[in-house]
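Biologist: I would like a close look at one part of this protein, together with whatever leads into it and whatever it packs against. Please take me through it at bench level, one step at a time.

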Amino acid sequence: MKQSKLSVVVARIVFVSLLIAVTLAFVWQVPASKASSIPYADKWVHFAIFFLLSLTLHKAFALSGRISFLLLAMYGLLIEVVQNYIPGRGSDLYDWMADSLGVLAYFGLVYLLQQRKKKR
């Protein structure tokens, strides 16, 4: 199913808006609260954010899953490096891994749904 030009424009606006919001949230100088009662809550947040970034990137641009993964994985790595230089923040390899897993989960789901559709 081909997207209309309007839906592509809207998807691009949503992607760029989400990307800006995520960037601001990740580089904000106030460290995240450690008081969550959910184990690894920050990792789940990273996973979910990058799942949503993958979804919006996929809808906004006609890129392959590999290119999308590389772009978003590099973005996640860049954010972690930048956080290392912000007072009160720090970089975390596991955050980047959660980011990357969110991207892989989205495109893995897309792949599985495409395979299922082909069998029908």
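Modeller: Happy to! In this predicted model, Tyr40 counts as exposed because its relative accessibility is 63%, and the cut-off for exposed is over 50%. Tyr40 sits in the loop between helix 1 and helix 2. Its backbone deserves a glance too: Tyr40 is not a glycine, yet it has a positive phi of about 60°.

From that loop we can move on to helix 2, the part I would like to show you closely. Helix 2 covers residues 41-60, which makes 20 residues. At 1.5 Å a residue, helix 2 should span 28 Å, and its end C-alpha atoms are indeed 28 Å apart, so the expected and computed spans agree.

Which residues of helix 2 are buried? They are Ala41, Lys43, His46, Phe50, Leu53, Ser54, Thr56, Leu57 and Ala60. A general point helps in reading such a list: an α-helix has 3.6 residues a turn, so residues three or four places apart point the same way. As for what they pack against, the buried residues of helix 2 meet helix 1 (5-27), helix 3 (65-84) and helix 4 (93-119).

Phe50 is a good residue to click on. Leaving aside residues up to four places away in sequence, Phe50 touches Phe26, Leu72, Tyr75, Gly76, Asp99, Gly102 and Val103. Phe50 also belongs to the largest nonpolar core, a set of 15 residues in which Phe50, Leu53, Leu72 and Tyr75 have the most contacts. At least two residues of this core come from each of helix 1, helix 2, helix 3 and helix 4. In soluble globular proteins, nonpolar side chains tend to be buried together.

Next, consider how helix 2 lies against helix 3. Their axes come within 11 Å and cross at roughly 140°. On the helix 2 side, the contact is made by His46, Phe50, Leu53, Ser54 and Leu57, and on the helix 3 side by Ser68, Leu72, Tyr75, Gly76 and Glu80. Why are helix 2 and helix 3 described as oblique? Roughly antiparallel needs an angle over 145 degrees, and the crossing here is at roughly 140°, so the pair counts as oblique. The crossing of helix 2 and helix 3 is right-handed.

Helix 3 has another partner in helix 4. Those two pack at an angle of about 160° with their axes 9 Å apart, and they are therefore roughly antiparallel to each other. Here too, the crossing is right-handed. Leu72 and Gly76 are among the helix 3 residues that meet helix 4, where Asp99 and Val103 are among the residues met. You may recall these four names from the list of residues that Phe50 touches.

Past helix 2, the loop to helix 3 holds Ala62. Ala62 is exposed, with a relative accessible area of 86%. The C-alpha atoms of Ala62 and Val8 are 9.8 Å apart, although 54 residues separate them along the chain.

Finally, the wider setting. The protein has four helices and zero strands, and 27% of its 120 residues count as buried. Among contacts with a separation of 6 or more, 75% join residues 24 or more positions apart.

Methods: Residues are numbered from 1 along each chain as its sequence is written. This is a predicted model: local features need pLDDT of at least 70, side-chain atom pairs count only at pLDDT 80 or more; totals for chains, interfaces and linings use all residues. Side-chain values use heavy atoms; hydrogens and water are left out. The expected span of a helix is 1.5 Å times one less than its number of residues. Buried means under 20% relative accessible area, exposed over 50%, partly exposed in between (1.4 Å probe, protein chains only). Contact means heavy atoms within 4.5 Å. A nonpolar core is a set of buried Ala, Val, Leu, Ile, Met, Phe, Trp, Tyr and Cys residues joined through side-chain atoms within 4.5 Å. Axes are lines fitted to C-alpha atoms, for helices over the stretch in contact, and angles run from 0 to 180 degrees between N-to-C directions. Angles under 35 degrees count as roughly parallel, over 145 as roughly antiparallel, 65 to 115 as roughly perpendicular and the rest as oblique. A crossing is left-handed if the near helix is turned anticlockwise from the far one by less than a right angle, and right-handed if clockwise.
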